[in-house]
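Q: Hey, can you walk me through this fold? I'm new to this, so plain words please.

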Amino acid sequence: MAAIPERLEAYRNLFRLDGKTALVLGAASGIGKASAEALAALGATVICADKNADGVELTAAEIGAHANAEAHVVDAGEAEAVNALAAAIAAKHERLDVAVTTPAVHVRKLMLDYTDEEYDRVVDLNLRGTFLFLRAFGRMMSQQKGGSLIASSSVRATTLEPGLAIYGATKAGIIQMVRGLASEVGPFGVRVNAIVPSIVETGLVAPLKARPEIWNALASHTVFNRWAQPHEVAAAVAFLASDAASYITGTALLVDGGWTAIDGAPTGLTKTHSDAR
């Protein structure tokens with residue numbers, strides 16, 4: 001048995017990504033950008049991909065000042081583009097150890113008022129786009145006998161309110177795809193998991209911040225009474241990417257501030273002791 005100092009060092013190294021190559025699809029902003037930064041901070045070479053050319057170039061340049069990074073312009077909803085990205089990575093890199101996808105779109109609208117075009121827009125990117133990602137990089141990782149795939153779901157997979165039915169359905173579907181693929185590629189040493197955030201403060205939700213009554217009402221659904229920061233979700237991504245999560249697959253990891261642990265907004269009762277005698 002290794003000595004205690006060696007075992008402690010081994011635990012620390014489980015969280016490192018030195019020598020590994022990671023892809024982040026959706027790296028131009030929000031959770032994707034933070035995830036790319038987190039993976040780079042832990043030692044990975046990061047392949048940043050996004051439809052937003054200026055945004056993804058900026059992310060790669062910022063990371064590149066401190067770690068290895070490259071940028072690719074990719075439409076996550078287009079099969080040819082995703083497959084071309086997979087081919088480009090295979091041609092340039094010996095292997096791909098981690099692949100993360102975060103792009104999603106949300107049309108908040110009552111289901112009976114949804115148009116066919118709105119339905120297609122949400123389902124094509126959220127559900128079909130995740131399928132394209134999992135298929136392309138699941139194949140690559142199965143062939144190389146290892147890797148970690150990470151998709152993005154949401155608490156809306158299980159908790160809903162009017163106007164969120166279609167979005168929620170796509171996020172629930174992502175969890176089921178993750179579970180199914182995990183069962184299929186596990187024998188090849190590939191892990192497949194999903195992160196499940198609740199409310200995260202990104203540039204996309206800036207309009208909500210201008211409406212304090214909505215912003216604060218949503219915050220009150222968490223036990224911390226606040227929105228998450230992108231880096232808090234990115235930390236969960238980094239964990240699932242690392243060898244520290246080597247026995248975790250087919251999991252939907254909640255990063256929701258307790259949103260799904262409580263029945264609606266907290267009541268305001270804060271005492272943790274009983275006055276009973």
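A: Sure, starting with a term: two strands pair if DSSP finds at least two bridges between them. Also, this is a predicted model.

Q: OK, so how many bridges join strand 2 and strand 3?
A: There are 5 bridges, and strand 2 (residues 45–50) pairs with strand 3 in the parallel sense. As one example, C48 has A71 of strand 3 as its bridge partner.

Q: What holds paired strands together in general?
A: Backbone hydrogen bonds do that, and the pairing can be parallel or antiparallel.

Q: And in what order do the strands of the sheet come?
A: The order is 3-2-1-4-5-6-7, so to speak reading across an open sheet of 7 strands with parallel pairing. At the edges sit strand 3 (69–73) and strand 7 (252–255), each pairing on one side only. On average, neighbouring strands are turned by 20° against each other, direction ignored.

Q: Which strands does helix 3 lie across?
A: Helix 3 (residues 53–64) lies across strand 2 and strand 3, and its direction is at about 175° to strand 3.

Q: Switching to helix 5. Which strands does that one lie across?
A: Helix 5 (residues 116–144) lies across strand 1 (21–25), strand 4 (98–101), strand 5 (147–152) and strand 6 (190–197). Relative to strand 5, helix 5 runs at about 175°.

Q: How many residues does helix 5 have, and how far does it reach?
A: It has 29 residues and spans 40 Å from first C-alpha to last, close to the 42 Å expected at 1.5 Å a residue. There is a kink in helix 5 too, of about 40° and centred on D124. Just after the helix comes K145, with a positive phi near 65°.

Q: How do helix 5 and helix 6 cross?
A: Their axes come within 10 Å and cross at roughly 15°, with helix 6 covering residues 165–185. Angles under 35 degrees count as roughly parallel, which means helix 5 is roughly parallel to helix 6. The crossing is right-handed. Residues in the contact include Y119, V122 and L134 of helix 5, and I166, G173 and M177 of helix 6.

Q: Last one: at what angle do helix 2 and helix 9 cross?
A: Roughly 50°, and the axes of helix 2 (residues 30–41) and helix 9 (residues 230–241) come within 8 Å. Helix 2 and helix 9 are therefore called oblique to each other. Helix 2 passes helix 9 in a right-handed crossing.

Q: Which residues meet there?
A: On the helix 2 side, G30, I31, A34, S35, A38 and L39. On the helix 9 side, they meet residues including P230, H231, V233 and A241.

How values were computed: Residues numbered from 1 in each chain as written. Predicted model: local features only at pLDDT ≥ 70, side-chain atom pairs only at ≥ 80, totals over all residues. Heavy atoms only, no water. Helix = DSSP H or I, 4+ residues; strand = E, 2+ residues; numbered from the N terminus. Axes fitted to C-alpha atoms, helices over the stretch in contact; angles between N-to-C directions. Contact = heavy atoms within 4.5 Å. Expected span 1.5 Å × (residues − 1). Bend = angle between axes of the 7 residues up to and from the residue. Parallel < 35°, antiparallel > 145°, perpendicular 65-115°, else oblique. Left-handed = near helix turned anticlockwise from the far one by under 90°.
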